[in-house]
Amino acid sequence: MSPQSLSQATEAIPVSPPVMVLEDEQPVETKQSTNTQLNARQNRRTRRDEWLLDVFAMNSFSWVIAIPIELLLAGMSWREHIQVRLLAVVFNTLIARPFSIYRNWVVARFGRGGVVHNYAVDTFVFLSFQLPLYTLNMILGGASAGEIATACLTFVMIAGALGRPYGMYLDCLRRLWLNRRPAADTCSAG
């Protein structure tokens, strides 16, 4: 191609004028940037709400369950019970969200099924995650070896009675608090 034909070919290409950028201009908020900001705010609020829900669910459920186990079956004094429960509030607050994430992962891996399947999955999740933490909590709370053994054996025996109810309680609170389902289907068993 000759230099003259090259210059004729390039004359046909439209060229936009240079753009001047003024330093004092503020960024223009577009619909896209507004949506991104709103989505980020919504995601932060959702994560905070999920964390608060998990903390409330874990603490309220464990305290109600711990009263008969620790006071009646293990024979702990009220003082020991309160010490253990106050430590449990700290533990439960720290582990509530990881427990829910773990539960969600296990449920996603094994899926939802019939009553027996859901019972087995929730029992496995509850026992595999909570028993080591419960034992550590009892040790740090100052319970004796006999009290710890009794409470932990009791915990293992009734884990089958706790895992699925806690899973249902957590799911129900999620539907109520996070408005994930219509009110008519709020807290059904299953």
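This section describes the helical architecture, the salt bridges and a nonpolar surface patch of a predicted model.

The protein chain contains five helices and zero strands, and its elements, read along the sequence, follow the pattern α-α-α-α-α. Of the 190 residues in the protein chain, 33% are buried. The packing of two of these helices was examined through the angle and the distance between their axes. Helix α3, spanning residues 78-110, packs with helix α4, spanning residues 115-140, at an angle of about 155 degrees, and the two axes lie 10 Å apart. Because this angle is over 145 degrees, α3 is roughly antiparallel to α4. The crossing in which α3 passes α4 is right-handed.

The structure holds 10 salt bridges. One of them joins the side chains of R112 and D171, with a distance of 3.4 Å from N to O. Since R112 lies in the loop between α3 and α4 whereas D171 belongs to helix α5, this pair ties together parts that are 59 residues apart in sequence. The two partners differ in their accessibility class: R112 is partly exposed, with a relative accessible area of 49%, while D171 is buried, with a relative accessible area of 11%. The side chain of D171 also meets that of R174 in a salt bridge, at 3.8 Å from N to O. D171 and R174 are three residues apart in helix α5 and are therefore separated by about one helical turn; R174, at 14% relative accessibility, is likewise counted as buried. R112, D171 and R174 take part in a network of salt bridges, in which E50, D54, R97, R103, D122 and R164 are also linked.

A further salt bridge is formed between the side chains of D49 and R48, at 3.3 Å from N to O. In this pair D49 is buried, with a relative accessible area of 16%, whereas R48, at 44% relative accessibility, counts as partly exposed.

With regard to the surface, W51, L52, F56, L176 and W177 make a nonpolar patch of about 470 Å². At least two residues of this nonpolar patch are supplied by each of α2, which covers residues 31-73, and α5, which covers residues 145-177. The largest share, amounting to three residues, comes from α2. W51, one of the residues that make the patch, is found in helix α2 and counts as partly exposed, because its relative accessibility is 37%.

Conventions
Residues numbered from 1 in each chain as written. Predicted model: local features only at pLDDT ≥ 70, side-chain atom pairs only at ≥ 80, totals over all residues. Heavy atoms only, no water. Patch = residues over 30% accessible without salt bridge, like charges linked within 9 Å, V, L, I, M, F, W, Y side chains within 5 Å. Areas by Shrake-Rupley, 256 points an atom, 1.4 Å probe, with all protein chains shown as cover. Salt bridge = Lys/Arg side-chain N within 4 Å of Asp/Glu carboxyl O. Helix = DSSP H or I, 4+ residues; strand = E, 2+ residues; numbered from the N terminus. Buried < 20%, exposed > 50% of the residue type's maximum accessible area, 1.4 Å probe, protein only. Axes fitted to C-alpha atoms, helices over the stretch in contact; angles between N-to-C directions. Parallel < 35°, antiparallel > 145°, perpendicular 65-115°, else oblique. Left-handed = near helix turned anticlockwise from the far one by under 90°.
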